[in-house]
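Hello,

Here is the structure you asked for, with notes on what came out of it. Please read them alongside the coordinates.

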Number of protein chains: 2
Amino acid sequence: MKENMRDILIQTMFESLYHEGYNASNLIDLLKKAGTSKGGMYHYFGSKKELALESMRIVGEGFIDHFWGGCFARHDDPIRALDEILKALPNATIIGECPFDFKHGCPLNHMIQEMSALDEDFKILLESIMDRWIALIAENLKKGQNIGVWGKSFEPTRMAQFIVSSIEGTLTLMKVKQDIRIYEENTELLLQTLKVLTQKG
Amino acid sequence: MKENMRDILIQTMFESLYHEGYNASNLIDLLKKAGTSKGGMYHYFGSKKELALESMRIVGEGFIDHFWGGCFARHDDPIRALDEILKALPNATIIGECPFDFKHGCPLNHMIQEMSALDEDFKILLESIMDRWIALIAENLKKGQNIGVWGKSFEPTRMAQFIVSSIEGTLTLMKVKQDIRIYEENTELLLQTLKVLTQKG
DNA sequence: CAAAAAACAGACCAATAAGTCTGTTTGCTG
DNA sequence: CAGCAAACAGACTTATTGGTCTGTTTTTTG
């Protein structure tokens, strides 16, 4: 059951992007961590950028589909799913051995800030990941409306954008303040808000 | 009325940090834009990092004190002030000739993502700027409670953190999607939320 | 088992960029 | 106006880093 070097490179690059960012991460260190060499990497990927893009795509889509999508799928009631997601996030594993942690915040946010205005390919990819995330939440908000746990007065996509924004902003604050109470207080306020904004009638 | 080169360097560095980030910005280009040379810059600052830190400090504190603080000071009612701030932000000038723009989002968020886990000096500075921002809002929320436009059931600092998070997250979304409607919809939801969470009685 | 292709190792190259150092200009002061 | 210090110009140094290229090992396949 030998792991494929291409996958190892993708995971290792993700960790570098998450912890150091794109410009500050260097290939030699990355290759050392991955246990390979220049030749090994350039055999699979045409450039640092190509590996980084593929890495963000695989990990980003995977985390949304499996962690978020999985939580939604395990609950009939999307309210409980959202609550569980926010409680589970601080201890979540993003990919392989790489845990989510408050010191480094949200990798998607990090890449958006660092790269989206600098490189069009990154921008396009990051936007598509963000769209996938928002679409998944909106979809489940709609489901909540259909099964009657939420009212119909709100627009699911708008509400999903609001939720995502609130989470991203909270994680930014966490990254610089590293106080878990802020996360708990903010998510509590968010859930409280949702109950009001989405109430029936 | 000749402008001081030290100030020009601070403004030019801020633009570079805002538009390219710390690692991707290079000194030669920056010096060309500022109209000076290596000798000119190293006369005032010991390193690129020193200039960047000073730049973020001056501009960050200035924007919070003047733009945010100014808006709060012009209104007795902090509800109206917050509303005006959110409406004015898309056309605000951050410093000198550098306008706020959705393509580049929030410079504070950008620096937090790129630098706070990478360099302790950046982290300390960025946290202090964030604290100043939150404290200013909390202060004015408290004022709103005291003059009776808001109820007393909420904790000003927690609410300020929630507001800041929501704005930061919204600007992250703007940076990658660049659709002003999202900003308008999100800020509308935020204000709506505040009215509910801060209501009297 | 032999040949070919995939996978990998690592020396080398070229570009970039921060920082240094020497020398020149500008402006203030006694 | 002389002298001195602040302000600035720019060539040079040094370190880093992404990418290339040649050669070796491993695996697959006919």
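Beyond its neighbours within four places in sequence, W68(A) is in contact with F63(A), L82(A), I85(A), W133(A), L136(A), I137(A) and I167(A). Please keep in mind that this is a predicted model. The tryptophan W68(A) belongs to the largest nonpolar core, a set of 138 residues. Within that core, W68(A) and W68(B) touch the most other members.

The other part concerns DNA strand D. There are 14 residues around the strand, and those that come nearest are K38(A), Y42(A), T36(B), H43(B) and Y44(B). Of the atoms of DNA strand D that come within 4 Å of the protein, 59% belong to sugar and phosphate.

Some side chains approach phosphate oxygens of DNA strand D:

- H43(B): an N or O atom of the side chain is 2.4 Å from a phosphate oxygen.
- T36(B): the corresponding distance, again from a side-chain N or O atom, is 2.8 Å.
- N26(A): a polar side-chain atom lies 3.2 Å from a phosphate oxygen.

H43(B) and T36(B) are also among the residues that come nearest to the strand.

Which helices supply at least two residues each of the surface near DNA strand D? They are α3 (38–44) of chain A and α3 (38–44) of chain B. The helix α3(B) gives the most, with four residues. By class, the surface near the strand is made up of seven polar, four nonpolar and three charged residues.

Regards

Key
Residues numbered from 1 in each chain as written. Chains lettered and ligands numbered in written order. Predicted model: local features only at pLDDT ≥ 70, side-chain atom pairs only at ≥ 80, totals over all residues. Heavy atoms only, no water. Near = heavy atom within 4 Å. Polar contact = N/O pair within 3.5 Å; in protein donor to acceptor, adjacent residues only side chain to side chain. Nonpolar A, V, L, I, M, F, W, Y, C, P; charged D, E, K, R; others polar. Core = buried A, V, L, I, M, F, W, Y, C linked by side-chain atoms within 4.5 Å. Buried < 20%, exposed > 50% of the residue type's maximum accessible area, 1.4 Å probe, protein only. Contact = heavy atoms within 4.5 Å.
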